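Colleague: Could you take one helix of this model and walk me through it closely? I'd like to hear how it sits among its neighbours.

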Amino acid sequence: MSDVLDAVIIGGGLVGGLTALLLAQGGVQATVLDAAPILDEQKVISVANSRVLALSQATIHLLKTVHVWEKLARQMPYSGMQVWNKNGYGEINFGQPSQNIPGAEHTLGSMVEPSVLNLAIQQKMLQQLQDYRTQVKVIRVEQGVGVWHIHLADGTELKTKLVIGADGANSFVREQAFIDLDILDYKQAGLTCAIRTAQLHQHIARQIFLETGPLAFLPMASLKPEQDGYWQSIVWTLPDDYAEEYAALDDAAFHELLTRESHHMLGNVLEATPRAQFPLKARAAQQYVKAGLALIGDAAHVIHPLAGQGVNIGCLDAAILCDVLLHDKKRGVWAHEQTLQRYEHRRKGQNDAMMHSMSAIGWMETTQLFPVVWARNFGLKQVEQHAAFKDAFMSQANGLQVLKDTCYAV
């Protein structure tokens with residue numbers, strides 16, 4: 001069994017990379033198979049993404065734990081959130097605006113471009129991992145007796161005690177393991193781009209619920225220092241036909257539409273990068289584990305982007321999986337079926353609940369049925385007026401409670 005690896009992680013993005021680095025800290029060197037190439041640092045840093053990831057306090061804590069956070073070329077912390085209905089009186093405000101970069105004690109989270117984050121993760125893996133492979137194509141994953149066989153396009157075969165599927169929503173690992181998937185098609189699309197507004201965002205993440213769906217303004221870093229504070233990434237959830245129509249507008253018409261639909265909350269939209277669309281579908285793997293195999297991140301679940309929690313629950317998957325694996329390793333047990341089942345038990349119920357709650361909120365915020373409109377406005381008002389409700393909401397959003405009983409507790 002000398003040629004059998006302890007763990008192979010298929011997928012080298014944020015969640016797969018974080019898992020590999022957490023395991024390495026615990027004394028386990030996983031082999032990482034990444035389909036992406038070595039990133040060009042200068043190219044990544046010189047080009048701004050139109051989308052950002054809203055990283056929670058728990059995700060930031062985990063990235064600091066593996067010393068990735070300090071490698072980020074740029075990020076934009078936010079110190080407040082504002083959520084309201086366009087046609088209602090409900091509004092919730094968390095935190096506070098900030099004219100300057102907020103200090104750590106006031107930061108609720110941070111907005112980071114995916115390319116910048118992937119670069120930092122990859123650079124750390126190149127430093128810390130003994131077997132990190134890029135531009136790898138996996139063509140077959142099959143279960144053997146006590147091991148999994150992984151076949152690569154170049155003819156290489158790997159044998160491992162544990163396969164970790166971190167290869168995204170269209171996971172090949174999940175498919176090869178014959179794990180079924182539940183899919184909820186929202187018949188919606190996310191329309192996204194970066195915009196420059198006339199007024200400063202003041203480090204506030206904003207989301208307004210429109211009849212068509214939520215429109216989020218997310219603060220982002222600017223490539224031009226003189227424009228810092230004026231750029232945001234938008235994610236606009238729309239019915240498919242609206243998304244097509246808005247994506248086809250010329251720039252002037254789109255700027256005017258966005259200014260009007262956002263209630264001029266930051267003045268006129270002055271500039272926008274090219275728009276992109278992505279279909280919105282919730283996905284939930286019917287099981288996260290099999291003997292010697294675990295799914296994490298988007299390979300296990302994809303939720304509505306309404307609360308910006310998709311990437312964060314994926315990072316919590318990584319933390320919980322590593323916690324149970326390393327805990328049992330100290331007792332001389334590695335990747336036992338019961339160990340993996342503990343991971344599934346701790347994550348699947350929480351993730352499924354998050355997925356269904358986001359689906360329900362999305363429906364409540366777009367329906368015009370009077371009892372539902374009244375209930376959602378009343379609910380927002382109650383949360384705004386009661387500190388206990390706000391604290392509970394923030395506790396759920398920051399993710400720190402999930403880490404409480406792990407070796408990564410804050």
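Modeller: Let's take α1, residues 14–25. This is a predicted model, so read everything here as computed from it. Of the 12 residues in α1, 10 are buried, so the rest of the structure largely encloses the helix. The buried ones are L14, V15, G16, G17, L18, T19, A20, L21, L22 and L23. What do they pack against? Quite a mix: the strands β2 (8–10), β3 (31–33) and β13 (163–165), plus the helices α3 (57–65), α4 and α8 (310–329).

Let's zoom in on α4, residues 114–128. Two packed helices are described by the angle between their axes and the distance between the axes. Here the angle is about 30° and the axes lie 10 Å apart. Since angles under 35 degrees count as roughly parallel, that makes α1 roughly parallel to α4. The crossing of α1 past α4 is left-handed. On the α1 side, the contact uses L14, G17, L18 and L21. An α-helix has 3.6 residues a turn, so residues three or four places apart point the same way. Facing them from α4 are L117, N118, I121, K124, M125 and Q128. By type, the residues of this contact come out as six nonpolar, three polar and one charged.

As for the length of α1, its 12 residues should span 16 Å at 1.5 Å a residue, and the end C-alpha atoms are indeed 16 Å apart, so the two agree. Just past the end of α1, G27 adopts a positive phi of about 90°.

Conventions. Residues are numbered from 1 along each chain as its sequence is written. This is a predicted model: local features need pLDDT of at least 70, side-chain atom pairs count only at pLDDT 80 or more; totals for chains, interfaces and linings use all residues. Side-chain values use heavy atoms; hydrogens and water are left out. Axes are lines fitted to C-alpha atoms, for helices over the stretch in contact, and angles run from 0 to 180 degrees between N-to-C directions. Helices (H or I, at least four residues) and strands (E, at least two) are DSSP runs, numbered from the N terminus. Angles under 35 degrees count as roughly parallel, over 145 as roughly antiparallel, 65 to 115 as roughly perpendicular and the rest as oblique. A crossing is left-handed if the near helix is turned anticlockwise from the far one by less than a right angle, and right-handed if clockwise. Contact means heavy atoms within 4.5 Å. Ala, Val, Leu, Ile, Met, Phe, Trp, Tyr, Cys and Pro count as nonpolar, Asp, Glu, Lys and Arg as charged, and the others, Gly among them, as polar. The expected span of a helix is 1.5 Å times one less than its number of residues. Buried means under 20% relative accessible area, exposed over 50%, partly exposed in between (1.4 Å probe, protein chains only).
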